[in-house]
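Here are a few exercises to work through with the model open in your viewer. Try each task before you read its solution.

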Amino acid sequence: MGKEELEVLRHSTAHVMAQAVKELYPRVKLAIGPPTEDGFYYDFDFDGYFSEEDLPRIEEKMREIVARDIPFVRQEVSKEEARKIFQERGEIYKLEILDDIPDEKVTLYWQGDFVDLCRGPHLESTGKVKAFKLLSVSGAYWRGDERNKMLQRIYGTAFFTEEELKRYLERLQEAKRRDHRRLGKELELFSTHEEVGAGLIIWHHKGVILRWILEEFERREHLKRGYQFVIGPQILKAELWKQSGHYDFYREHMYFTEVEGQQYALKPMNCLAHILVYKSRHRSYRELPLRLFELGRVHRHERSGVLHGLLRVREFTQDDAHIFCRPDQLEEEIRGVLHFVQEAMELFGFSYEAELSTKPEKAIGSEESWQKAIDALRRVLEDEGIPYRVNEGEGAFYGPKIDIKLEDALGRKWQCATIQCDFSLPERFDLTYIAPDGSRQRPVMVHRVILGALERFIGILIEHYGGAFPLWLAPEQVRVMSITDRHIPYGEEVLGRIEARGIRVKGDFRNEKLGYKIRQAQLEKVPYMVIVGDREMREGTVAVRSREKGDLGSMPLDSFIEEIWPQCQIPSLEGGDRT
RNA sequence: GCCGGCGUAGCUCAGCGGUAGAGCGGCUGAUUCGUAAUCAGCAGGGCGUGGGUUCAAAUCCCACCGCCGGCUCCA
């Protein structure tokens, strides 16, 4: 079944839901009700509240409307006529929408005496609506603007068959199983605590190992690409943030502290220290591009309602770098960063979406420099054949940017990599370099992250792999287990030899049945289990079990080690050697 | 920040005005058993926090904290 047909079905189902709600709660006013990627929603203005307990009742009414098999009737009318109809019905939101439609003619869709302003198309009749389910209720601002009234939104989904609906609901269940918040606890990667504060993560041993590996991967890749490593302080004087503009534009996200009458801010970004490194002496055009990298821990006071596991926190670590370059180097630098991102995403097996954000209303820098930067970003995206969406006017006030978004288990998109051009900070801090002719010139600054925030990236990684990390990322790569106590000495020897090769290995020599130990290792998602019993002891071998493939039989310990060893290593991307 | 929901043992949850329950996990014994759960016993809870209503509150009301789903905002 085509995507468009599914959209029509869902859109029609939204209308049926709206009619049901209208019949049950005649006082509600209709706002909007479009199909979405996974279903549909409808926004209502209501002087009460919907709760999830109301949904079965609404579904029942919907089924009744489906059973009535009312035809969807399309009617083309003038805007004036439409206005009259919605005025009579007190549908103030529809009137507002009408005001924004430039055309003289609009279309209405009728089902019995229910009417909605709608471009359509729709199904023939309500009887054609098939498998549907209402999923949740929530608040949503009218027109997505938080200054407007909050409306009541009901989400639902619809399919052509009950089987498809069932499959979708099962997928939601599966997503729950992959949820990084659940797996993070089960796999003992991290925890959060009410008494610590919202959005603050405590990393446990296994989570720290995972971070170390990623951090080491980052260091090697950045070193290869000609980045210099710097480390800035966690707090910097408020004065400096005033100079950068953060105090004016970003204050509500910042934490402040006062020491001996001097105000400091906990850094929400890493750029200032990097700028000061640049400024620490005169810079020649010869040393540009200067690429400064830091695994920088930042604090941002995010609004309480937006926090989400590891994916949106208040303290996080960015694989952050600032590239100071000549304007003529900008494109090449962007290209290098984008390659870097592409290779990294490929390594982890992520598919991603790219977005290009252009000049907003309120912006600094000349029209010309903006255009140049946007062209450079666009050219690189196109040369690389990366499909992208353009977000007109969504750029930062200091420059345009490319954002790379990854999906979590539920298909929600999260920004990870970003490449931002900046004309503002070089100006505010009067950054210069000496050009070949001896003149002072202004460098361009590129802010960029590859994985983004390590916390967020790990959250996405957990869901991506369902907690079953590939060998190189697995906090525990191998677990040795004994069958009975008499196999422990041999088990210890095997353990020692694996460990000596730098493989992360643990032993389970408890007096438990093998099946029990295996079950536990499987649940902990350890990639390889090495089992030693009488046979292995006698033959000097090990029995290997793979997390995915099960029992692989016996083999000499050395061949097992040699086979997995390469995959246990942190991989190296192809790029590098200067870009 | 806004809207709705939720917060009971380490975890998953039941109890929803009359003196706290289950499974898993933990501990202690027994068992030495070859590819996803051996058996038995024991311990463990200011029912998120603080107010209030009531003869009586895990249960009803209010505030705060935290979590969940959205909206807005963002790495």
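**Exercise 1: the largest pocket**

The largest pocket in this predicted model has a volume of about 1400 Å³. Task: work out which residues lie nearest the centre of the largest pocket, and which element gives the largest share of its lining.

Solution.
- Start at the middle: of the 47 lining residues, Tyr250, Met269, Arg300, Lys401 and Gln420 lie nearest the centre.
- Next, go through the elements. Those that give two or more residues to this lining are α9 (246-249), β15 (315-325), β16 (353-357), β18 (401-407), β19 (413-422), α13 (424-428), β22 (444-453) and α14 (454-465).
- Now pick out the top contributor: β19 supplies six residues, the largest share.
- Finish with the chemistry: the lining of the largest pocket splits into 17 nonpolar, 15 polar and 15 charged residues.

**Exercise 2: cavities and domains**

Task: say how many cavities of 30 Å³ or more there are, and from which domains the lining of the largest cavity draws at least three residues each.

Solution.
- Count first: there are two cavities of 30 Å³ or more. The largest cavity has a volume of about 100 Å³.
- List the wall: the largest cavity is lined by Leu187, Leu189, Lys206, Gly467, Phe469, Ala474, Pro475, Glu476, Glu524, Lys525 and Val526. By class, that gives six nonpolar, one polar and four charged residues.
- Bring in the domain assignment, which gives chain A domain 1 (3-171), domain 2 (181-232 + 267-464) and domain 3 (478-568).
- Put the two together: domain 2 and domain 3 each give at least three residues to the lining of the largest cavity.
- Check how these two domains sit: their C-alpha centres lie 41 Å apart, and five residues of domain 2 are in contact with five residues of domain 3.

**Exercise 3: two sheets and one helix**

Task: find the strand order in the open sheet of four strands and in the open sheet of three strands, then see how α1 lies across β1, β2, β6 and β7.

Solution.
- The four-strand sheet is ordered β1-β2-β7-β6, with antiparallel pairing. Its edges are β1 (29-30) and β6 (131-141); each has a single partner strand, so one side of each has no neighbour in the sheet.
- Zoom in on one edge: β1 and β2 (residues 40-45) run antiparallel and are joined by two bridges. Leucine 30 has phenylalanine 44 in β2 as its bridge partner.
- The three-strand sheet is ordered β3-β4-β5, again with antiparallel pairing. Here β3 (72-78) and β5 (114-117) are the edge strands, each with a single partner, so one side of each is left free of a neighbour in the sheet. On average, neighbouring strands of this sheet are turned by 30 degrees against each other, direction ignored.
- β4 (residues 105-111) is joined to β5 by four bridges, and tryptophan 110 stands opposite valine 115 in β5.
- Now add the helix: α1 (residues 3-24) lies across β1, β2, β6 and β7 (150-159), at about 30 degrees to β2. α1 also lies across β3, β4 and β5, running at about 130 degrees to β5.

**Exercise 4: a hairpin**

Task: what is the phi of glutamate 260 in the turn between β12 and β13?

Solution.
- Pair the strands: β12 (residues 255-259) and β13 are antiparallel over five bridges, with tyrosine 255 opposite leucine 266.
- Then look at the turn: two residues separate β12 from β13 in this hairpin, and glutamate 260 has a positive phi of about 45 degrees.
- Last, find another partner of β13: β11 (residues 235-237) pairs with β13 (residues 262-266) in the antiparallel sense over three bridges, and leucine 236 has alanine 265 as its bridge partner.

Note on methods
Residues are numbered from 1 along each chain as its sequence is written. Chains are lettered from A and ligands numbered from 1 in the order in which they are written. This is a predicted model: local features need pLDDT of at least 70, side-chain atom pairs count only at pLDDT 80 or more; totals for chains, interfaces and linings use all residues. Side-chain values use heavy atoms; hydrogens and water are left out. Two strands pair if DSSP finds at least two bridges between them. Contact means heavy atoms within 4.5 Å. Axes are lines fitted to C-alpha atoms, for helices over the stretch in contact, and angles run from 0 to 180 degrees between N-to-C directions. On a 1 Å grid over the protein atoms alone, a cavity is a set of points where a 1.4 Å probe fits but cannot get out, and a pocket is an open set with protein on both sides within 12 Å along at least five of seven lines; lining residues have an atom within 4 Å of a point. Grid points are joined across faces, edges and corners, and a volume is the space filled by probe spheres set on the points. Ala, Val, Leu, Ile, Met, Phe, Trp, Tyr, Cys and Pro count as nonpolar, Asp, Glu, Lys and Arg as charged, and the others, Gly among them, as polar. Domain bounds come from an automatic or database domain assignment.
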